[in-house]
Amino acid sequence: MSKLLIIEDEIAIADLEKDYLELSGFEVEVETTGDIGLERALNEEFDLIILDLMLPNIDGFEICKRIREVKNIPILMVSAKKEDIDKIRGLGLGADDYITKPFSPSELVARVKAHIARYERLIGSGVKENDVIEIRGLKIDKTARRVFLNEEEKIFTTKEFDLLTFLAENPNHVYTKEELFREIWDMESIGDIATVTVHIKKIREKIEYNTSKPQYIETIWGVGYRFKV
Ligand code: CA
């Protein structure tokens, strides 16, 4: 069951909100002062906070800001004045939604449900971030096996991608062509160290602004290649 906190100093409004939300299956707690409301919001686990703007001790602006510094739970701000909504937006406090008094309780319930559902999808979806290497405008997405230069995708073959990724993951380290060949191509591969040279050339054509003055993969004459950091 989702647990909500209402911070509202007008008891009649707080009771009305609480009744409707409880009828909709939420567990609801109410605080009527800003300081205690903030303290509970920070120290207890709630799924959503309904926050009035004008409150004794600490106002809703400050409470919203303080919660956002440490938590990203949905915050629905309630205000008696439309102008306040513009002010909340302008301040960029990080509230998820705003509602002006008087509002219909069913609208409040609908918004609360929507925000909780969205937040649960967000945290419960288990979507992991891709493993990405980023160096001066070059982005190698290892999970998706895609390469971007200044947000523009560059198409890489499997071996080009493996070679670039290996060098980028081991920057500032000189590898000989033999070492790179052994690392990227398996022993049965047809080819020789010239294959490495050809692949480096193709990679440079895709990611270097000036292939004769490489910014990423440097040639160490007589030795091999090094990825510059
Ligand atoms: Ca108030």
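Q: What makes Arg 145 count as partly exposed?
A: Its relative accessibility is 42%. Partly exposed covers the range between the buried limit of 20% and the exposed limit of 50%, so Arg 145 falls into that class in this predicted model.

Q: What is notable about the phi of Arg 145, and where does the residue sit?
A: Phi is positive, about 55°, although Arg 145 is not a glycine. Most residues other than glycine have a negative phi. Arg 145 is in the loop between strand E7 (138–141) and strand E8 (146–149).

Q: Why is Asn 57 called exposed?
A: Exposed needs over 50% relative accessible area, and Asn 57 has 59%, so the label fits. Asn 57 also has a positive phi, near 75°, and belongs to the loop between strand E3 (48–52) and helix H3 (60–70).

Q: How do you know that Asp 9, Asp 52 and Met 54 are donors of the calcium ion?
A: For calcium, a donor must be an N, O or S atom within 3.2 Å. The OD atoms of Asp 9 and Asp 52 and the O atom of Met 54 lie 2.1 to 2.3 Å from the ion, so they qualify as its protein donors. Along the chain their spacing reads D-x42-D-x1-M.

Q: Which parts of the chain do Asp 9 and Met 54 tie together?
A: Asp 9 is in the loop between strand E1 (3–7) and helix H1 (11–23), and Met 54 is in the loop between E3 and H3, so the pair links parts 45 residues apart in sequence.

Q: Are these two donors buried or partly exposed?
A: Buried would require under 20% relative accessible area. Asp 9 has 29%, so it is partly exposed, and Met 54, with 47%, is partly exposed too.

Q: Why are H6 and H8 called roughly perpendicular?
A: Helix H6 (residues 158–169) and helix H8 (residues 193–207) pack at about 80°, their axes 10 Å apart. Angles of 65 to 115 degrees count as roughly perpendicular, and therefore the description applies to H6 and H8.

Q: What makes up the contact of H6 with H8?
A: H6 brings Lys 159, Glu 160, Leu 163, Leu 164 and Leu 167, while H8 residues in the contact include Val 196, His 199 and Ile 200. The contact residues divide into seven nonpolar, one polar and four charged.

Q: What kind of peptide bond joins Lys 101 and Pro 102?
A: A cis bond, with omega about -5°. Pro 102 lies in the loop between strand E5 (97–100) and helix H5 (105–124).

Definitions and conventions:
Residues numbered from 1 in each chain as written. Predicted model: local features only at pLDDT ≥ 70, side-chain atom pairs only at ≥ 80, totals over all residues. Heavy atoms only, no water. Axes fitted to C-alpha atoms, helices over the stretch in contact; angles between N-to-C directions. Helix = DSSP H or I, 4+ residues; strand = E, 2+ residues; numbered from the N terminus. Parallel < 35°, antiparallel > 145°, perpendicular 65-115°, else oblique. Contact = heavy atoms within 4.5 Å. Nonpolar A, V, L, I, M, F, W, Y, C, P; charged D, E, K, R; others polar. Buried < 20%, exposed > 50% of the residue type's maximum accessible area, 1.4 Å probe, protein only. Donors = N, O, S within 2.8 Å, 3.2 Å for Na, K, Ca; no water.
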